[in-house]
Amino acid sequence: MGRKALYLTIAERQSAERAWKARYAASTRCIAKRHCQNSRAYRKRYGRHASKSSLSDHTKALSVPDLPSSLISLASTPLPTSTLFHDASRSADALDESDLSIWEQEPPYAYPEPTATVHEVQYTKNLVDVMLGRRWRLSKAVRDGRALQFIDEEFLVGTLKDLTGRISRWSSVASRVAGSESGRNREMAHCWLQWQARDILTDCKEVEMLKNGENPYCTLMQTTPL
């Protein structure tokens, strides 16, 4: 008994092959592979990233700031798996993000609290998922852009100093909001601390790899959230 042909004509087969190639080109696997290949080729041709041997002894002696255990713990918290989170992590056009800017400001928050109904509790959870997805997307865009920048010794020193200030700021905010908020304000303050902690931890790993002459833009680069 013969198998039924998938395509009746050569044109149908060619059309299906083009559609498959287009889907593969847009897949996370292909994007990640292409990103690493381009990064290696670009660096080999133009020498965009500083090698370990090109750094001064002073820069080599600089260390990544120590991170509070609470920051590491929060940064390691698994991201949501909801459809809202993944939609927000993929595109700014997938959801209405017009009201999210207030939650990107530094907490504590003192916005009027809604009545704790089932609907409002679910709305807050959805808000956290969308916010984390948005921040993941924006952080990825920054790192994708940084992969093509001129990464030199001045960049490393400046980033290390910046990290020290960001860690101090994070610790200060964490101590101020502890037990001082409730309801949606509390959940969104925790959300702010979480995405800030993730950014800080990832930047620390990035700088450490650059100091060692490694390329963080392949190993740390993610095309989909973990």
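This passage describes the fold, the surface and one internal cavity of a predicted protein model. Residues are numbered from 1 along each chain as its sequence is written. In this predicted model, local features need pLDDT of at least 70 and side-chain atom pairs count only at pLDDT 80 or more, whereas totals for chains, interfaces and linings use all residues, and side-chain values use heavy atoms, with hydrogens and water left out.

The protein contains nine helices and zero strands, where helices (H or I, at least four residues) and strands (E, at least two) are DSSP runs numbered from the N terminus, and its pattern along the sequence is accordingly written α-α-α-α-α-α-α-α-α. Of its 226 residues, 36% count as buried, that is, under 20% relative accessible area with a 1.4 Å probe and protein chains only. Among contacts (heavy atoms within 4.5 Å) between residues at least 6 apart in sequence, 82% join residues at least 24 apart. The protein exposes about 13900 Å², of which carbon and sulfur atoms supply 54%, as computed by the Shrake-Rupley method with a 1.4 Å probe.

A search of the whole structure finds two cavities of 30 Å³ or more, a cavity being a set of points on a 1 Å grid over the protein atoms alone where a 1.4 Å probe fits but cannot get out. The second largest has a volume of about 30 Å³, the volume being the space filled by probe spheres set on the points. Its lining, made up of residues with an atom within 4 Å of a point, consists of Arg166, Arg169, Trp170, Trp192, Gln196 and Ile200. Helix 7 (153-177) and helix 8 (183-211) each supply at least two residues of this lining, which divides into three nonpolar, one polar and two charged residues, with Trp and Ile counted as nonpolar and Arg as charged.

Conventions. Buried means under 20% relative accessible area, exposed over 50%, partly exposed in between (1.4 Å probe, protein chains only). On a 1 Å grid over the protein atoms alone, a cavity is a set of points where a 1.4 Å probe fits but cannot get out, and a pocket is an open set with protein on both sides within 12 Å along at least five of seven lines; lining residues have an atom within 4 Å of a point.
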